[in-house]
Amino acid sequence: MTRNQDLQNLERRTYRDSYSNGIIDIYIGISLLWIGAAWIWLPDIAGVAGALPAILIAPMLIGRKRFTEKRIGYVKWTEPRRQWEHRNLVGALVLGTAFLLLGVGVYMFASDPAANGDTLGNLAPGLIAWLLGYVAIGLAFLMSARRMLAYGVVLIAGGIWTAQLNASPGWPLLAAGTVVTVTGIAMLIRFIRNNPVVGQP
Amino acid sequence: MTPSDSEADGESRELDFDRLIHEPARLVLMSNLYVVDEADFVFLSRRTGLTAGNISSHMARLEAAEYVTIEKTFADKRPRTTYALTKTGRAAFVTYREHVNALLADSSADQ
């Protein structure tokens, strides 16, 4: 082990542990549930359904900070870590939004039988789930969060299943949203049990 | 250099250890503070498993040596005690690590 590697590992472990509370998972899960449900049951607003999670991200981050600080304490990360966190957050938002919009665009294009052959048309219902699945897998490696890999697999498998059944693209989002939300709630319960609120001296 | 000189040199290097940092509880506190800019009492308590009394007494000693700063504030109407390593503290920690690494390198070379 190199001279500073043990301290880097300590910092990485400390950072990872500080965010193992499931709140972001619940946020992502509910966003997927909302977008999926809007696609299936509220098609008139499906196009703008993605705006709500984007608006709620700032209150979610503030709420998470206040909630977790009472239980695991306050920490100010080093400047490189804060920059890394900012880059990842912006990158994930831009990538997620871009892939969602790309998926919607490709879905609308591929759904038009006049413009396309049967092959692309048959794949269209699964496209959005596949694209979001690739985003999740990318994030899994970027953030060293293995559960994101599982979320990506659920999205891609849901996309395949949806394409085969020619069902609404909202269904794989609902399925993945359920898995992600349940995982997040389980993590949150464990976090609350392991970290009761304590006072300061 | 005679063997006795070498032994004396090794012994003096061992004795060069910063005793303030060398104590296990303070070492773990300083390690945890070294990898962040600042952290509060609850954070350090969770990370290290040390009790409130332990953290307070060790931090008081580190503050007296100007290795850490202690700031008492309020956040959401709750008291918050925040700790941060000073430049002196960071430099002392780096030096301490260098001494330990050098000693470990010597001992593994001897085997």
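Helices (H or I, at least four residues) and strands (E, at least two) are DSSP runs, numbered from the N terminus. The model on screen is a predicted one.

**Stop 1: chain A as a whole**

Select chain A and show it as a cartoon. Chain A contains seven helices and one strand. Follow the sequence and the order of elements reads α-α-α-β-α-α-α-α. Along the principal axes, the C-alpha atoms of chain A fill a box of roughly 70 × 40 × 25 Å. Of the 201 residues in chain A, 28% count as buried. Among the contacts in chain A with a separation of 6 or more, 67% come from residues 24 or more positions apart.

**Stop 2: the largest nonpolar core**

Now select Ala129(A), Leu131(A), Leu132(A), Ala136(A), Tyr151(A), Leu155(A) and Ala176(A), which have the most contacts inside the largest nonpolar core, a set of 30 residues. Colour helix H2 (23-41), helix H5 (118-142), helix H6 (146-165) and helix H7 (170-194) of chain A: these are the elements that give two or more residues to this core. Which helix gives the most to it? H5(A) does, with ten residues.

Centre the view on Ala136(A). Neighbours within four places in sequence aside, Ala136(A) is in contact with Met148(A), Tyr151(A), Gly152(A) and Leu155(A). Another core, of 24 residues, lies apart from the one just visited; Ile72(A), Leu29(B), Leu44(B) and Tyr83(B) are among its members.

**Stop 3: where chain A touches chain B**

Show both chains. Contacts join 17 residues of chain A to 21 residues of chain B. On the chain A side, select helix H1 (5-18), helix H3 (51-72) and strand S1 (75-76), the elements that give two or more residues each. H1(A) gives the most to this side, with four residues. By class, the chain A side has eight nonpolar, five polar and four charged residues.

Next, zoom in on S1(A) and on strand S1 (residues 38-40) of chain B. The two strands run antiparallel and are joined by two bridges. Which residue of S1(B) does Val75(A) stand opposite? Select Ala39(B) to see the one that faces Val75(A) in this pairing.

**Stop 4: the strands of chain B**

Stay on Ala39(B) and add Tyr83(B), its bridge partner in S3(B). S1(B) and S3(B) are antiparallel too, and two bridges join them.

Extend the selection to strand S2 (residues 68-75) and strand S3 (residues 78-85) of chain B. S2(B) and S3(B) pair in the antiparallel sense over eight bridges. Two residue pairs are worth labelling. Glu71(B) stands opposite Thr82(B) in S3(B), and Thr73(B) has Arg80(B) as its bridge partner.

How many residues lie between S2(B) and S3(B) in their hairpin? There are two. Click on Asp76(B) in the turn: its phi is positive, at about 55 degrees.

**Stop 5: helix H3 of chain B**

Last, select helix H3 (residues 24-34) of chain B, and within it Arg26(B), Leu29(B), Met30(B), Asn32(B) and Leu33(B), which are buried. Turn the view to look down the axis of H3(B): the buried residues fall within an arc of 160 degrees, so they line one face of the helix. An α-helix has 3.6 residues a turn, so residues three or four places apart point the same way. Leu29(B), one of the buried residues of H3(B), also belongs to the core of 24 residues named at the second stop.

Terms used
Residues numbered from 1 in each chain as written. Chains lettered and ligands numbered in written order. Predicted model: local features only at pLDDT ≥ 70, side-chain atom pairs only at ≥ 80, totals over all residues. Pairing = 2+ DSSP bridges. Contact = placed C-beta atoms within 7 Å. Nonpolar A, V, L, I, M, F, W, Y, C, P; charged D, E, K, R; others polar. Buried ≥ 20, exposed ≤ 12 C-beta atoms within 10 Å, placed from the backbone. Arc of directions from axis to C-beta. Core = buried A, V, L, I, M, F, W, Y, C linked by C-beta atoms within 7 Å.
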